[in-house]
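I am opening this notebook to keep track of what I look up, one topic at a time. My plan is to begin with a strand pairing and work outward from there.

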Amino acid sequence: MDNPSIITQVSKEEANTPLRKKGHLPVSSKKPRRRNIFRTIFCCLSRNNDDADHISGSNNNTSLLVDGKRSIIQTSVNYLLPEVQVQDSGKKCVVIDLDETLVHSSFKVYVLKRPYVDEFLKRMGELFECVLFTASLSKYADPVADLLDKWGAFRVRLFRESCVFHQGNYVKDLSRLGRDLNKLLIIDNSPASYVFHPNNAVPIASWFDDMSDTELLDLIPFFERLSKEENIYTLLQEHKSS
């Protein structure tokens, strides 16, 4: 095929393969070492305290009993994104979906680019800290992103393992990114992907093969306005109401 919209012949065969379920790990044949009874009791106490903290929603604090008194040891939160790069200082962060938002993949055949995706990504990389966040597996999405992103717009790429599996869907939990939610946007064709933060979303229609589609091009002026606005929610609400 000589169609310039076709960027690669990457197989998406395993893109929807479910993650390995917990508990289905290989069982070791080695005999467990005998542990001191006091260590066993201490581990049980620590485990119970950790479980209680997790259930109560504490911020990754570890609770221990020291000399009969409860002590709280502060631990750092592990966010999905690294520290903001110097080049993106002061910019808002935009999370961008891949499949049916920027491209459409035909199983084992090709990956088709949405019209104006080049112009869109180039401009987004200039205006925002851009993050690719897809529910697909990295073995498929990473090589596609390599060919798609000619300008290095994506500072970070996040894949299925970074999603939260919620009610049968892979949800992109924006609170785990480590960015100010008041300056964080997500563009995705699937409302289920941003169900935790619908007010931060810029909805976009799913795309498959309509080469007359202009939605990415039409969104550029809107994102240019968003990049300058202090309150993103006002513009987002206007956009959804229009």
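**Entry 1: a pairing at the sheet's edge.** I began with Asp188, whose bridge partner in E12 is Pro203. I noted at once that I am working with a predicted model, so I treat each value as computed from that model. The two strands concerned, E11 and E12, pair in the parallel sense, and 3 bridges hold this pairing.

**Entry 2: the whole sheet.** Next I asked myself in what order the strands of the open sheet are arranged. I found 5 strands in the order E8-E7-E4-E11-E12, with parallel pairing. The edge strands are E8 and E12, the latter covering residues 201-203, and each of them pairs on one side only. When I looked up the angle between neighbouring strands, I found that they are turned by 25 degrees against each other on average, direction ignored.

**Entry 3: Val95 and its two partners.** I then followed E4 to either side, starting with E7, to which E4 is joined by 4 bridges in a parallel run. Here Val95 has Val131 as its bridge partner in E7. Turning to E11, I saw that E4 pairs with this strand in the parallel sense as well, over 4 bridges, and that the partner of Val95 in E11 is Ile186.

**Entry 4: how E11 is covered.** Are the residues of E11 buried or exposed? I found that 5 of its 5 residues are buried, so the strand is mostly covered by the cut-off of under 20% relative accessible area. Both faces are covered, with Leu184, Ile186 and Asp188 buried on one side and Leu185 and Ile187 buried on the other. I also looked up H5, which lies across E11 and E12 and runs at about 20 degrees to E12.

**Entry 5: the nonpolar cores.** I wrote down a general point before looking further: in soluble globular proteins, nonpolar side chains tend to be buried together. In this model the largest nonpolar core has 35 residues, and the members that touch the most others are Ile96, Leu102, Phe120, Phe223 and Leu226. Among the elements that give two or more residues to this core are strand E4 (93-96), strand E7 (129-133), strand E11 (184-188) and helix H5 (232-241). The largest share, 6 residues, comes from H4. I picked Ile96 for a closer look and, leaving aside its neighbours within four places in sequence, I found it in contact with residues including Leu102, Phe120, Met124, Val131, Phe154 and Ile187. There is also a second, separate core of 14 residues, which includes Val131, Val156, Leu177 and Ile186.

**Entry 6: the cysteines.** How many disulfides does the structure hold? My search gave 0 disulfides. For Cys93 I could see why: the closest cysteine sulfur, in Cys130, is 7.8 Å from its own sulfur, which is too far for a bond. Cys93 is buried, with a relative accessible area of 2%, and Cys163 is buried too, at 11%.

**Entry 7: salt bridges.** I reminded myself that side chains of opposite charge can pair when their charged atoms come close. The structure holds 14 salt bridges, and I looked up several of them. In one, the side chains of Arg123 and Glu224 meet at 2.9 Å, N to O. Because Arg123 lies in helix H2 (residues 117-127) and Glu224 in helix H4 (residues 215-228), this pair ties together parts that are 101 residues apart in sequence. Arg123 counts as partly exposed at 28% relative accessibility, and Glu224 counts as partly exposed at 26%. Both belong to a network of salt bridges that links Lys122, Arg123, Glu126 and Glu224.

**Entry 8: Arg157 and two aspartates.** My last search was for the salt bridges of Arg157, and I found one with Asp142, where the closest N and O atoms are 2.7 Å apart. This pair links strand E8 (residues 154-158), which holds Arg157, to helix H3 (residues 138-148), which holds Asp142, across 15 residues. Arg157 also forms a salt bridge with Asp146, with the closest N and O atoms 2.7 Å apart. Since Asp146 lies in helix H3 and Arg157 in strand E8, the pair ties together parts that are 11 residues apart in sequence. I closed by noting the relative accessible areas: Arg157 is partly exposed at 24%, Asp142 is partly exposed at 28%, and Asp146 is partly exposed at 49%.

How values were computed
Residues are numbered from 1 along each chain as its sequence is written. This is a predicted model: local features need pLDDT of at least 70, side-chain atom pairs count only at pLDDT 80 or more; totals for chains, interfaces and linings use all residues. Side-chain values use heavy atoms; hydrogens and water are left out. A salt bridge is a side-chain nitrogen of Lys or Arg within 4 Å of a carboxyl oxygen of Asp or Glu. Buried means under 20% relative accessible area, exposed over 50%, partly exposed in between (1.4 Å probe, protein chains only). A disulfide is a pair of cysteine sulfur atoms within 2.5 Å. A nonpolar core is a set of buried Ala, Val, Leu, Ile, Met, Phe, Trp, Tyr and Cys residues joined through side-chain atoms within 4.5 Å. Contact means heavy atoms within 4.5 Å. Two strands pair if DSSP finds at least two bridges between them. Axes are lines fitted to C-alpha atoms, for helices over the stretch in contact, and angles run from 0 to 180 degrees between N-to-C directions.
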